[in-house]
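Work through the exercises below with the sequence and the structure open. Try each task before reading its solution.

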Amino acid sequence: MNKDEEYWEGRARKYDRLAANYLDKSLFRHEESFQRRAISRLIKNVEGKRILDAGCGTGDWCIYFADKGAVVSGVDISKTMIEIAKRETKKHKLKVDYEAVPLEKIAFPDKSFDIIISITTLQHITNPKRFRKAVKNLARVLKKNGIIALIEFSPPKRLKSWKDPRYMRYKTRGEWIGIFSKEGLKLVDEQPIFFIGFRVLTYLKKSFLSSKNDESTAETKLMKSKLRDIASLVQRIILFFSGLVDLLLSGMPVFKKKAYTSLFIFKK
Ligand SMILES: C[S@@+](CC[C@H](N)C(=O)[O-])C[C@H]1O[C@@H](n2cnc3c(N)ncnc32)[C@H](O)[C@@H]1O
């Protein structure tokens, strides 16, 4: 098992359905709704199309596209993610072909897919050689005129505070575009995804909601649990209002290249 596989396998075993996303359900749902809006705006008419979900996690996007009539394959480095994805797909009575295999080793024939989607996966391949191989494979299995839809953390420039965590390798918007153009793919569209409430919430959570190693008395524990209730209400309010701002910003052409996360559409 390489380090990335170990990391994602560990998350899948520990957190089940939430493992591939934010471990906080409301944050995850909130972000996913923005991703969905971007995807449904730029990827239409998928019925009968062959789609590969590269790094499918627990299968949410496979289910989304299979439900729209696409012929979907999902691959992921983690066996447990794939087991969860199979279980969830069965619940929806849909058909998806799943395989537990890293992107750098996929063995589909050349030009197999009309559309490849890869949602916050490539940024998590931490070894540069394996990363390059994975990108080459995606370009290889895509049909001529096919598209790759990519969502990654992709700010316009490097941030001073950037320090790669063990499970991530940050890249700027320009770096992502460069990586795919080297493989002969052209950026044909993009949709920024703003999520400005995230920083505020992360701060709030760290400050008020952490209960790790809690050695407080019963009285202060009760107070903290009340504080947690208030904080989760505050979280919902922040998400609601920041969501309105996010929505507004994502529709303004002037902010198109300014988001920290974007959906990119590359064409072969
Ligand atoms: C943040 S999750 C996103 C999952 C899914 N795309 C989604 O949006 O729900 C990242 C996923 O990438 C997978 N992954 C990491 N490295 C991979 C690799 N080299 N090949 C295939 N999958 C990989 C992880 O197992 C994990 O499921």
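The exercises go from the whole chain to two helices and then to the ligand.

This is a predicted model: local features need pLDDT of at least 70, side-chain atom pairs count only at pLDDT 80 or more, and totals for chains, interfaces and linings use all residues. Residues are numbered from 1 along each chain as its sequence is written.

**Exercise 1.** Judge how compact the protein is from its radius of gyration.

*Solution.* Start with the elements: there are eight helices and seven strands. These are DSSP runs, helices being H or I with at least four residues and strands E with at least two, numbered from the N terminus. Next, take the radius of gyration over C-alpha atoms; the globule rule is 2.2 Å times the number of residues to the power 0.38. The rule gives 18 Å for 268 residues and the model has 19 Å, so the protein is as compact as a globular protein of that length.

**Exercise 2.** Compare the end-to-end span of α1 with the expected one, then find its buried side.

*Solution.* The expected span is 1.5 Å times one less than the number of residues. For the 13 residues of α1 that gives 18 Å, and the end C-alpha atoms are 18 Å apart, which agrees. Now sort by burial: a residue is buried if 20 or more other C-beta atoms, placed from the backbone, lie within 10 Å of its own, exposed if 12 or fewer, and partly exposed in between. W8, R11 and A12 of α1 are buried. They cover an arc of only 100 degrees around the axis, so they lie on the same side of α1. The arc is that of the directions from the helix axis to the C-beta atoms. An α-helix has 3.6 residues a turn, so residues three or four places apart point the same way. K3, E6 and K14 are exposed on the other side of α1.

**Exercise 3.** Explain why α3 counts as largely enclosed.

*Solution.* List the buried residues of α3: D60, W61, C62, I63, Y64, F65 and A66. That is seven of eight, so the rest of the structure largely encloses α3. Just after α3, G69 has a positive phi of about 95 degrees.

**Exercise 4.** Which residues are closest to the ligand, and which elements give two or more residues to the shell?

*Solution.* The shell takes residues whose C-beta atom, placed from the backbone, lies within 6 Å of the ligand. It holds 22 residues, the closest being W8, A20, G55, G57 and I119. The elements giving two or more are α1 (3-15) and α3 (60-67).
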